[in-house]
Amino acid sequence: MRIQDLSSFNAVKEAGLAKLLPYKPRIGVGMGTCGTGNGAEGVYHAFVEEIDRRGLDVQVARVGCFGYCAQEPLVNVWLPGRPLVILRRVQPDNVPPILDDLYLGRIPAELALCKIEDWDHLTGQVKYGSGFPEIPSWREVPFFRGQKKIVLRNCGLISADDIEEYIAVGGYQALYKVLIDGTPELAIEQIKASKLRGRGGAGYPTGLKWEMLRKAKGDKKYIICNADEGDPGAYMNRNEIESDPHALLEGMIIGGFLMGAQNGIIYVRAEYPLAVHRLARAVEQAKEYGLLGENILGRGFNFEIQIVEGAGAFVCGEETALISSLEGRAGRPRPRPPFPAQKGLYGCPTNINNVETWYNIAPIVAKGPAWFSETGSTKSAGTKVFSLVGKVKNTGLVEMPLGTPLKTFVYDVGEGAFNGKQVKAVQTGGPSGGCIPQEMFDTPVDYETLAKLGSIMGSGGMVVMDEDNCMVDVARYFIEFTHSESCGKCVPCRVGLDKGLRILKNFTNGKGVEEDLEALDELGRMIRDMSLCGLGQTAPNPVLTTMRHFRHEFEDHIRAKRCRAGVCENLALSPCENSCPLHMNIPRFLELYKEGNIEEAFESVIMDNPLAASTGRVCQHPCDDRCRRMNIDESVNIRDVHRFIADTIYDSDKYPALMDRICARKQTATGKTVAVVGAGPTGLTSAFYLALLGHNVTVYESNPAAGGMLRYALPEYRLPKNVLDKELELIERVGVKFIFNTAVGFDVSLNDLDSNYDAVFLAIGTWKEAWVYMPGTELKGVMPALLFLEAVSKGEEVHLGKKVVVIGGGNAAIDSARTALRMGSEVTVVYRRERKDMPAIVEETEAAEAEGANFVFLAAPHRVVGFHGVVKAIEVVKTKLGEFDASGRRKPVPTDEIQVLKCDTVILAVGEKVDMDFAKASGLILKEVGTVEVDRFSLETSRTKFYAGGDVISGASNVSNAMGYGKKAARNIDERLLGYKRTGVLSKKYEYDQTPPTQPSEVGRQVPGHLPARQRAASFEEVSVGLTACEALEEANRCLRCDIRTTER
Amino acid sequence: MPQKIAIRIDGEYVEAREGQTILEVARGGGKYIPTLCHLDGLTAAGSCRLCVVEVSGVGRLMPACTTAVQDGMSVTTNTEKLARYRRMAVELLFTERNHYCAICVSNGHCELQSMATRLGVSHVRYPYAYPRLPVDVSHEKYVLDHNRCILCTRCVRVCAELEGAHVWDIASRGVQSILVSDLQQPWGKSKNCTSCGKCVQACPTGALAEKGWAVEEMTKTQDNISRLASRRGVHA
C-alpha cells in the first residue's frame, strides 16, 4: 500500500504499532548472524511449533541483535502492560518452560538478562509497561551501562524485515519532514552544525562532504553506501543492516534529496548473505509502500536504490577502488584528487558514506543538530558502535559516546579479562589500526587521541588481548592480511608489505636478527608515507605501534629466541616447556617415566632442574596454565610427577649411582673460578651448572646451611628439610664448594671477590620485609613474616601469642598463618583486596582455610592498639575496590568503616625487598625500587665481571623464576669465561617414543593425597604425601606430547 | 588557453599553466624528478611512487605525475627522506622478482638500472623472493619475460590508449599481480595484438623485448610513442 499522504502514513504507523505492541504476548527471537550462529533458528521454530501445538495466541517475530552477542540467542518476551524482558542464551529446550511461565504471567528468572520499561527510538517513543521489580533494567547490566543507542536505536527491538514496525517507531518521518520542508541547503547546514563525522574511519565532516556534492555540477549524481566492512573482527555494519535495514534506506533517500541525486547504490560485501537478503527485502517493501521509486511520499521526488555485492576484496572498501569495482573494473584505487564529489562513478559527482554515517542522519533531522552535538567530545560529536571482541568477559556491539576512555570498554562494559588472565593491550581500528598497551587505557576513544598513539579508531573494531597473545605474532597476522589484500598497483604497498611480512615471519620462526628491527621500522614508515591509498598508508600501523609499545617482546624473539606468550610454536618445544622458567623438557621425562625408565627420567629431570623434589612441592607451576590438556579436562599435574620421580630415586639405593652418572658429564676443568653469593635457589642452580661446565665454584652463604628461602622461610610441612638436604648432596658432589656463616659485604667484601675470582654472581635475594607504616608497630608482638619464619626454621624461640593476625595475601602470609596454626594459635589473615586477587598459590590458601585460618578480605591495616607496650588489638579499615590500576587489578580504596580485631600478635607479610645496605657500597647501579640493574639478556651488572640474578634483580618472586635466572646466569658466565658460546655440551640423547598418543587417556587429573586437615594442623609433618607410583603413571599417560612435530620445524 | 600561474619548485619560480601536473611543470623548467611508470604521451598511473614530492601545507607526500598544480604552490622535489624512500622503492623492486642484469638484453640500457645508479642504490637489504615466473616466447617477433617486469603498466597504457588494441592488462592482486595478454592466453595466440611493437618500446626493462637480440644488445626509444601521442592530441 503506497503512502502518499499523512493519513496513509499514520494508518501504516498504527498497523505497525499493533504488531509491535499487540493485545497478546509477543516473542521476538534475536536473529542476526550472531544469534543464528548460536542456534536462534532452532529456537524460533521451537517457539512457532510449540505455540501451534498448544493452540496459544502468541505472536512470534524475528528481530535483530540487541548487541550483547556473548549472550546470544537473545529472546524478547513481552506481556501486554509489562516491561519487555530480554532472555539470554535461550535454547530450544528452554521453550516449553518459558511458555509455561508466560502463561502464568511470570518470567523464568534464570534466563532473564534485563528489562525495558520504555524505549526512546529517537524518531518515536514506545512504552512497554512496568513491573518485574526483581529483574534489573537494561541500563543496570554492566554491558549496557553508559551506552547510548543512537545508531542501534531499533536493533533487536523491532522486526528485522517489516517496514510497518519501522514506521511504527517513527521511521521515515524524518524523510517526510525533509521532503515537506523542501529546503535542502538549510538541511545540509543542520548536518554541518551537528558536527557529524564519517564513521568509515577517516572521520571527514559529513556536512561538508554533502555540501560539496550538492554544489557539484552534473546532470546525474550518485549516492553510495559503503557496506564493504572488511576489517577482521568488525561486524557493526553487518548488525546494523541485518537488524534495521530501513534506517539505512531512509538515510540515503534523505541524502539523495538534499544532495540532488536520484540514484543510490549500496555496495555490500558478498560475505554478508543475511544482510544482503534483509536489504533486498527492505528495498522491495520500501518500493511497495512508496518510499522508493517515483514520487516518494507523494512529494514528487524520485530515488532508486540498487544493491551491488562485492567480490571479496578488502581494498574495495576504499572509495575509489569501490567505484572502480562498481564500474566493472578491477578494484584498484585511483589517485585523489580528483575526489569522488568532483569525478566519481562513471565520471559523475558521487558521495560515498559508510553505513553507520547514514544511520545517524534520521535522528539528526528528527532531533536537531544541537541534541546530537551534546553527546561525544568537542571535536567528535555523537556516538560510535564498537565491536568489543577478544579476551574479555563480555563481547558484543557497544555504542558509546565518542571520547569514552578505553578502560571503560575493557573493564566496565567488558568486565575485564576472561579466564582470570591479565589484559595486555587493545587493538583498535582493525588492520589499519594499532595496539594500545594497558598502561594507556585512560586514553579517550575518538579520532584525534587514538591517532596520537599511532593507532586509528577506524571502523570501530576493538580486539582485547591478554598475556597469551604474542604481539609479534599480532603484527605478523595483520601484515599477512593487508599483504594478501593489497591491490598491487603501487610499489611500497605491494612489495613493501611482502618484505615486511617476511621479516616478521623470521621473527616468529626464530630467525630474526637485530638489524631487522631497524629495517622493519624504516620500511614501515616508507610504506605509510609513500603508498597510493589508505590500505598501504595505514597497513604499517599495527607493526609500528607494537614495535613502539611492546619492543621487549620483539627483543625476546630476536635475542633470546623466546615467545613468552607461547604462541610462536617454532620458538619452544611445547607450551609447558615454554612457560617453565627452567625450560624443563617436560614431555621427555613424562615419556621416559611412562616407559618404565625411571632412572633416565630422573636424569632428564635433574639435569633440567637440580631441585626437582623441592620445586615439586612448592613451585607455583606456570606449566599448568598453558598445558593443552586443559582443553580436554584439566592440565597434567607435571609438578607432582617430577616430585615423585625425584623422591623415588632419593629414597632408593639408585641415587649414588645416578649421582656418579651425572658427575661423569662434568666438562674438563677450565681453570676459571666463580664466586656465587647466596646459596638460595638462584645461587644453587647457577653453581650446579657452572660446576658441571668445568669451572671452580665457591658459594658464599651468610646462614649456617644452604637453601635460602627454601630452608629459612618455607615451613617444614611444605618442604621437609631432609628433602632439601638430599638435593644438596648432588650439588656438592658435582664439586661446588660452600663457605657458610660468611656474609659478603661484612665478612668478605665485593672487592675481595673481584680480586680473587674470574666472575662473581650475586644472588642474595630479597630478605628485608617491607614495613607497614602505621601507629603501633613499635609494640611488642608485631613482627615481620620473614623474621618469624626464619626463627621457626632455625628452631629458635619465638614469642607467638594465642591470637595472631597476619597482614598480607602472598605466600609468606599463608606460610606464616599455617605455621602459627601449628604452633597452637588462632589465626586471622587480613588482605586488602579480594580472594581472587591473592598472589598466594591457590592450593596453599585453601589448605590454610581447611586448617582453620580465618580470612578477612577488603581490609587494610589502620593501626595497632597496645596496652603497656604490648599488642592488644589491630584496627583495620574496610576497603572497596576502585579504579583499575597499572597492574590490571582494581585499586583498594579505604572507606570510613573501621573493624577492630582482638589479637596479641601481628605478623606483617606485605612484601620483601632487597637489603639496600649491602648494595650501597658495591658500586652497582640500583633501580628505583632497590633491585640491582642488569642487562636483561646477559644479566651483567654495571660493574664488570659482576652478574646478578633472582629476586635481587626481579624483586620478590618465586622459586622457579629464581632458578631460571640461575640457569641463565651460568650460561652467560660460561660464555664470558671462555670467550665463546657453548651450547648442548651438557645434553645427552635419550631414546624414547616419538609417536603422539592416538587417543587421549580418559583418566582425569591425579591429585596427591593430603594429610587430613585436623591432623596436620597439630604438627609440622609434611602435608602433601605426593602421588603413588600408579597415580604418577596415570598422570604421565595424560600428556598429549605437544613436543612432537610431524612436519619440519 | 589555460590560465598562467606561478609555482615554486625547490625555491625557484617556474612558469606553469592551470591543468598541468607538477611533473610537467618541473620538466618544462628543467628540474629533475625521478619516474619509472611515467611515459610522455600516456595517462599517468601514479603507481611507482618514485616521483613523490613534498608540497607545503599538505600533510602527505604527493605524486608529481598526477597532482595538478595550483597557484602559489611550493614544491620540494628532493630531501634526505625522499632520497632514502626512493632508494628503498628501487631496492624493493630488485628483490620482488628476478632481475639478473648479467644475462639480460637490456643490460646497460635499462631504466631500472639507470634509476638505481642515479639514486645511489649500492646494496639491497630486503630478503629476495625468487618467485618462479614464466617466459612467454609464443609471439612470432617478441618475448615477454615476467622475471624482469616491474608492473609499471606502461605497456598496458600504450596498447590501450595509442594502439587501441588493449591486449595487455594486469590480472590478480598484490604480489600475485601479473601481466596478461587478452584473457590470459599466450601472447602468440592473441587475437587483438597488431605486432606494432609499441609495448616493447614502452617497456623500461628487458621484460618485453624483440626476439633476436643477445645480452646487452637491446636499445629502445620512446620517440615514436611521444610523436604519435602528440599527433592524436593525447598528452600526458
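This tour proceeds through a predicted model, naming what to select at each stop and what is found there.

**Stop 1: the contact between the chains**

Begin by displaying chain A and chain B together. Their contact draws on 32 residues from chain A and 35 residues from chain B. The two chains bury about 2,700 Å² between them, and 58% of this area is on carbon and sulfur atoms. Polar contacts are also present: 18 residue pairs, both members at pLDDT 80 or more, are counted between chain A and chain B. On the chain A side, the elements that give two or more residues are α18 (471-485), α19 (491-508) and α20 (514-530). Select α19(A) next, as this helix gives the most to that side, with nine residues. Colouring the chain A side by residue class should show 13 nonpolar, eight polar and eleven charged residues.

Five salt bridges are counted between chain A and chain B. To inspect one of them, select A:R494 and B:E96, whose side chains meet at 2.8 Å, N to O.

**Stop 2: the nonpolar cores**

Turn now to the interior, and select A:Y172 and A:I266. Within the largest nonpolar core, which has 116 residues, these two touch the most other members. Helix α10 (residues 245-259) of chain A supplies the largest share of this core, nine residues. Next, show the surroundings of A:Y172. Not counting residues up to four places away in sequence, A:Y172 touches A:F9, A:I163, A:Y166, A:I167, A:H246, A:L249, A:E250, A:I253, A:A286, A:L291 and A:L297.

A second core, separate from this one, holds 95 residues. To find this second core, select A:A675, A:A679, A:V952 and A:L977, which are among its members.

**Stop 3: a covered helix**

Select helix α12 (residues 319-326) of chain A. How many of its eight residues are buried? Seven of the eight are, and the helix is mostly covered. The buried residues are A:E319, A:T320, A:A321, A:L322, A:I323, A:S324 and A:L326. To see what covers them, add elements of chain A including α8 (206-215), β8 (222-227), β9 (263-268), β11 (301-309) and β12 (350-354). Then move just past the helix to A:G328, which takes a positive phi of about 90°.

**Stop 4: two buried positions**

Select A:L84, in strand β4 (residues 84-87) of chain A. Is this residue buried or exposed? A:L84 counts as buried because its relative accessibility is 5%, under the 20% cut-off. Leaving aside neighbours within four places in sequence, the contacts of A:L84 are A:N76, A:V77, A:W78, A:C114, A:K115, A:I116, A:Y128 and A:L157. For a distance across the chain, pick the C-alpha atoms of A:L84 and A:D5: they are 32 Å apart in space, with the two positions 79 residues apart in sequence.

Continue to A:S432, in the loop between β15 (423-428) and β16 (434-437) of chain A. A:S432 is likewise buried, with a relative accessible area of 14%. Apart from neighbours within four places in sequence, A:S432 is in contact with A:I456, A:T538 and A:N541.

**Stop 5: salt bridges**

Over all chains, the structure holds 87 salt bridges. Select A:R214 and A:E185, a pair whose closest N and O atoms are 3.0 Å apart. A:R214 lies in helix α8 and A:E185 in helix α7 (residues 184-194), so this pair ties together parts of chain A that are 29 residues apart in sequence. A:R214 is partly exposed, at 26% relative accessibility.

Next, select A:R269 and A:E271, whose side chains form a salt bridge at 3.2 Å, N to O. In this pair A:R269 is buried at 18% relative accessibility, whereas A:E271 is partly exposed at 42%.

Then select A:R617 and A:D647, joined by a salt bridge in which the closest N and O atoms are 3.1 Å apart. The pair links helix α27 (residues 612-618) to helix α29 (residues 638-651) of chain A, across 30 residues of sequence. A:R617 is buried at 8% relative accessibility, and A:D647 is buried at 16%.

Finish by selecting A:R718, A:D815, A:R818, A:R822, A:E844, A:E851 and A:R1016 together, which salt bridges with shared partners join into one network.

Key. Residues are numbered from 1 along each chain as its sequence is written. Chains are lettered from A and ligands numbered from 1 in the order in which they are written. This is a predicted model: local features need pLDDT of at least 70, side-chain atom pairs count only at pLDDT 80 or more; totals for chains, interfaces and linings use all residues. Side-chain values use heavy atoms; hydrogens and water are left out. Contact means heavy atoms within 4.5 Å. Buried area is the accessible area (1.4 Å probe) that two parts lose on being put together, summed over both. A salt bridge is a side-chain nitrogen of Lys or Arg within 4 Å of a carboxyl oxygen of Asp or Glu. A polar contact is a pair of N or O atoms within 3.5 Å; within protein, one must be able to donate a hydrogen and the other to accept it, and residues adjacent in sequence count only if both atoms are side-chain atoms. Helices (H or I, at least four residues) and strands (E, at least two) are DSSP runs, numbered from the N terminus. Ala, Val, Leu, Ile, Met, Phe, Trp, Tyr, Cys and Pro count as nonpolar, Asp, Glu, Lys and Arg as charged, and the others, Gly among them, as polar. A nonpolar core is a set of buried Ala, Val, Leu, Ile, Met, Phe, Trp, Tyr and Cys residues joined through side-chain atoms within 4.5 Å. Buried means under 20% relative accessible area, exposed over 50%, partly exposed in between (1.4 Å probe, protein chains only).
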